[in-house]
Amino acid sequence: MKLRMRKPDEPAENILVEGDRSEEIRSWEQSIFAKQESAIYSVKRKQSLQARYIYGFIFFLTNLLAWFVRDYGHKFLHILHCRSLSSPSCVLRISLGCFIFFSSMFVTTLRAEKLQEARNSWHSRCWALKVAIYLLSVMVPFIIPSGFIQLYGQLAHVGAGIFLLLQLISLIHFLSWCDSKWMPDLQSKKCGFFGLFLSTIFYLGSFCGIVLMYIMYALDTSCAINIFFITWTAILVKVMMIVSLHSKVNRGLLSSGIMCSYIVFLCWSAIQSEPHTQKCNTKKMMAEDGDWTTILSFLIAICAIVMATFSTGIDSQSFQFRKDDIQSEDDDVPYSYEIFHFIFSMGAMYFAMLFISWEMDQPTRKWSIDVGWASTWVKILNEWFAASIYLWKLISPAVMRDKAINPEQHVQNVQVSV
């Protein structure tokens with residue numbers, strides 16, 4: 001270090017060590033650089049979050065395009081492979097284009113972890129190039145031979161099933177979040193009145209929904225299949241309520257109330273998907289060109305896809321595709337890009353199944369979505385699977401705890417006998 005010479009009229013306390021001054025300058029420069037870097041990361045993070053809505057809008061437009069082409073596009077697509085109004089080929093081709101686009105985004109953003117990476121810029125920017133790639137992806141399937149489209153349709157059944165599984169995982173994590181947010185907690189002395197209020201609303205809605213389904217869809221004893229669906233759903237609701245209140249589980253009523261409402265909705269949706277010729281389905285008395293339930297089914301399906309996809313931004317660790325960091329750094333991506341695009345690619349297969357009612361060779365009725373016995377059984381099986389997974393999630397901690405206690409008791413008994 002060097003000491004600066006003091007001027008004759010300068011106080012001694014004003015003398016600074018040159019090393020200390022240079023240290024102050026370096027600290028000040030580092031502080032300015034850190035603020036600039038933080039501002040850059042903030043802008044990139046904001047762009048990344050906004051990109052989700054753009055991708056969601058692209059996906060929504062693709063769904064509308066598939067619906068329009070299936071019902072009204074035969075005049076415009078006469079020169080292409082998709083010539084028949086009732087054929088699901090046009091829907092599968094558009095679905096394949098959407099799948100290609102989001103699969104390419106999945107591959108190109110795989111393992112993106114930092115905001116300064118080129119993969120983050122590709123995910124959040126370059127929209128002109130990505131729109132061109134999207135248009136090319138949607139057009140290319142229309143020149144692909146029909147045999148390959150049929151193969152894709154078979155694979156789409158599997159992809160749609162994967163999407164339903166991811167949707168269920170997202171719902172279960174959402175239920176856990178609701179419990180931690182609104183249910184009573186003795187440790188934090190949180191009373192949870194709002195959670196109890198929501199629990200009451202959801203259970204009342206579930207019970208009222210079951211009663212209304214009996215009135216609307218179980219008109220007499222000849223409606224045996226509907227009576228079975230509704231009765232089994234009522235049994236599942238009661239079982240989930242009892243298990244959640246059991247002393248060994250003690251999970252409260254909020255998450256079970258939401259799940260009960262969900263499976264009641266799936267039961268209603270499954271009955272609504274029964275063919276319109278069924279005498280136990282009141283939809284046969286409605287207009288031929290469609291009804292409000294068609295629009296409702298479409299909106300609910302889109303919301304399910306978008307909610308399941310956007311949940312990656314809330315809890316990307318729930319799918320265990322990324323490493324579990326103890327503390328997120330400023331330059332970490334705000335959500336998992338690969339999971340985001342993977343769910344959208346599976347959602348492309350799912351909406352194809354909705355528009356063709358899960359059947360490859362059957363003509364679809366104009367202004368109908370997810371109608372047919374195949375759609376009915378897919379929803380019923382999804383309901384039963386969701387209830388089974390949730391019940392296992394409730395009882396698994398108690399089961400594992402009992403398994404951990406039993407070996408200890410066995411060891412103690414052996415020691416006493418010895």
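With which side chain does the side chain of Ser 95 make a polar contact? I looked this up first, keeping in mind that the model is predicted, and I found that the partner is the side chain of Tyr 152, at 2.7 Å.

**Entry on Ser 95.** I placed Ser 95 in helix H2, which covers residues 89-108. I then checked its accessibility and noted a relative accessible area of 0%, so Ser 95 is buried, the cut-off being under 20%. Leaving aside residues up to four places away in sequence, I listed what Ser 95 touches: Tyr 152, Ala 348, Met 349, Phe 351 and Ala 352. Tyr 152 thus appears in my notes both as a touching residue and as the partner in the polar contact.

**Entry on the salt bridges.** I searched the whole structure for salt bridges and wrote down two. One of them joins the side chains of Lys 114 and Asp 332, with N to O at 2.6 Å. This pair links distant parts of the chain, since Lys 114 sits in the loop between H2 and helix H3 (118-124), while Asp 332 sits in the loop between helix H9 (292-314) and helix H10 (337-355), and the two are 218 residues apart. I also compared their surroundings: Lys 114 is partly exposed at 21% relative accessible area, whereas Asp 332 counts as buried at 8%.

Glu 117 forms a salt bridge with Arg 119, and I noted 2.7 Å between the closest N and O atoms. Here Glu 117 counts as buried at 18% relative accessibility, and Arg 119 is partly exposed, with a relative accessible area of 31%.

**Entry on the nonpolar patch.** On the surface I looked up a nonpolar patch of about 670 Å², made by Ile 225, Phe 228, Trp 232, Ile 235, Val 239, Trp 373, Trp 377 and Leu 381. The elements that give two or more residues to this patch are helix H7 (224-245) and helix H11 (373-417), and I noted that H7 supplies the largest share, five residues. I followed one member further: Trp 373 lies in helix H11 and counts as partly exposed at 31% relative accessibility.

**Entry on the cysteines.** How many disulfides does the structure hold? I found zero. I looked up two cysteines by their accessibility, and Cys 178 counts as buried at 1%, while Cys 267 counts as buried at 0%.

Methods: Residues numbered from 1 in each chain as written. Predicted model: local features only at pLDDT ≥ 70, side-chain atom pairs only at ≥ 80, totals over all residues. Heavy atoms only, no water. Helix = DSSP H or I, 4+ residues; strand = E, 2+ residues; numbered from the N terminus. Buried < 20%, exposed > 50% of the residue type's maximum accessible area, 1.4 Å probe, protein only. Polar contact = N/O pair within 3.5 Å; in protein donor to acceptor, adjacent residues only side chain to side chain. Contact = heavy atoms within 4.5 Å. Patch = residues over 30% accessible without salt bridge, like charges linked within 9 Å, V, L, I, M, F, W, Y side chains within 5 Å. Areas by Shrake-Rupley, 256 points an atom, 1.4 Å probe, with all protein chains shown as cover. Salt bridge = Lys/Arg side-chain N within 4 Å of Asp/Glu carboxyl O. Disulfide = S-S within 2.5 Å.
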